[in-house]
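Colleague: Got a minute to go through this model with me? I'd like to hear the reasoning behind the labels.

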Amino acid sequence: AQGSVTASPSQYDGEYDCPVTVGTPGVTLPLDFDTGSSDLWVFSSELPASERSGHAYYTSSSSSTSKLDSGETWDISYGDGSGAEGNIYIDKVTIGGITVTSQAVEAAESVSSEFVSDTSNDGLVGFAFDSINTASPNHVQTWFGNAEAQLASPVFTANLKKGKAGNYNFGYIDSSEYTGSITYATINSANGFWEFSASGYAVGSGAFSSQSIDVIADTGTTLIYLPAAIVKAYYAKVSGSSNSASAGGYIFPCSATLPSLTIGIGSYKAVVPGTFLNYAPNTGSTCFGGLQSNAGIGLSILGDVFLKSQFVVFNQGVPKIGFAPG
Ligand SMILES: C[C@H](Cc1ccc(C(C)(C)C)cc1)[C@H](NN)c1nnnn1Cc1ccc2c(c1)OCO2
């Protein structure tokens with residue numbers, strides 16, 4: 001089997017949401033696909049009505065194929081301070097035409113305010129490794145982990161776009177979605193992430209600095225977070241930029257022309273256009289950078305601002321990750 005699903009950007013490409021059908025009869029929910037976490041959770045009828053407002057949700061008792069995964073609970077805290085928790089049902093989950101008949105569906109009984117107010121999604125689908133799934137006392141498998149048996153190849157690809165719909169494909173690599181060749185890096189999945197070593201960086205037309213940068217590829221994070229020294233070197237080339245405590249990061253005049261950012265993957269030079277690095281308006285005539293420092297995060301993240309400039313192959317079989325110009 002192979003499948004493909006549309007990925008729709010929210011405002012400012014803050015997240016990319018995909019339709020996922022759960023239960024029988026199916027309820028289709030827009031879920032945020034997240035290669036940086038490993039829980040599939042949905043807004044549910046078990047939430048207080050106040051926390052469900054503006055959202056669609058899963059009602060396990062209305063699904064003839066739903067079965068309580070008794071004794072199992074989940075409780076996730078994300079790096080941005082948001083979180084959710086609840087209980088677990090086994091039910092059918094279909095993405096892009098691929099159905100997993102016994103998927104652990106983590107039903108929310110409580111969600112943090114960030115999720116209540118973000119009405120673009122009704123939950124997340126984690127595509128990282130099972131070791132960081134929060135179900136207790138036993139881990140549950142990710143949807144992709146369960147779907148792999150049906151796929152010709154244990155791969156999924158991310159083809160995210162700036163300001164328009166892209167797609168995720170499952171089980172195959174569509175050569176019409178990229179140019180040139182795909183360059184792979186070995187994945188170290190010990191921390192449960194799609195983690196690898198980038199080979200260096202360059203700012204605009206400047207010299208490439210060869211250095212090993214430990215990063216994760218994370219579709220669930222909006223921006224790029226790199227070591228402070230690299231970020232400082234980037235904004236040194238943006239006149240009028242400053243690292244603003246009140247804004248929560250680097251800002252600059254919206255009229256600034258931003259240099260591109262090149263990230264090395266082996267010998268491949270992945271280029272993020274300067275226009276991608278003006279993330280969104282801040283206050284007044286200042287704009288907020290798509291590249292920010294990883295200080296306080298504990299790891300470097302290639303989030304959507306980077307990923308939407310590339311075609312990305314996530315191969316869970318090896319594991320390895322591949323990049324090509326999108
Ligand atoms: C933040 C997302 C997970 C998420 C996505 C969306 C949302 C809202 C819908 C409510 C908007 C909240 C949460 C990320 N996913 N792998 C994640 N989950 N756990 N760590 N990270 C990466 C990280 C860690 C720390 C940071 C960060 C990023 O941005 C700022 O500080």
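What follows is a chat about the ligand site and the pockets.

Modeller: Sure, and keep in mind that this is a predicted model.

Colleague: What makes the pair between the ligand and aspartate 218 a polar contact?

Modeller: A nitrogen atom of the ligand is 2.7 Å from an N or O atom in the side chain of aspartate 218. The cut-off is 3.5 Å between N or O atoms, so the pair counts. Glycine 79 gets there through its backbone: a polar atom of that backbone is 2.9 Å from a ligand nitrogen, within 3.5 Å, so that is a polar contact too.

Colleague: And what about tyrosine 225?

Modeller: A polar side-chain atom of tyrosine 225 lies 3.5 Å from a ligand oxygen. The protein covers 80% of the 640 Å² of accessible area that the ligand has on its own.

Colleague: Which residues come nearest to the ligand?

Modeller: Asp34, Tyr78, Gly79, Asp118 and Asp218, out of 18 around it. By class, that shell has seven charged, six polar and five nonpolar residues.

Colleague: Which pocket does the ligand take up?

Modeller: The largest one, with a volume of about 990 Å³. Its lining has 36 residues, and β3, β5 and α2 each supply at least two of them.

Colleague: Why is Tyr225 counted as nonpolar in the lining of the second largest pocket?

Modeller: Tyr is on the nonpolar list, so Tyr225 goes there. That lining divides into six nonpolar, five polar and no charged residues, around a volume of about 160 Å³.

Key:
Residues are numbered from 1 along each chain as its sequence is written. This is a predicted model: local features need pLDDT of at least 70, side-chain atom pairs count only at pLDDT 80 or more; totals for chains, interfaces and linings use all residues. Side-chain values use heavy atoms; hydrogens and water are left out. A residue is near a molecule or strand if one of its heavy atoms lies within 4 Å of it. A polar contact is a pair of N or O atoms within 3.5 Å; within protein, one must be able to donate a hydrogen and the other to accept it, and residues adjacent in sequence count only if both atoms are side-chain atoms. Accessible areas come from the Shrake-Rupley method with a 1.4 Å probe; for residues, only the protein chains shown count as cover. On a 1 Å grid over the protein atoms alone, a cavity is a set of points where a 1.4 Å probe fits but cannot get out, and a pocket is an open set with protein on both sides within 12 Å along at least five of seven lines; lining residues have an atom within 4 Å of a point. A molecule sits in a cavity or pocket if more than half of its atoms lie within 2 Å of its grid points. Grid points are joined across faces, edges and corners, and a volume is the space filled by probe spheres set on the points. Helices (H or I, at least four residues) and strands (E, at least two) are DSSP runs, numbered from the N terminus.
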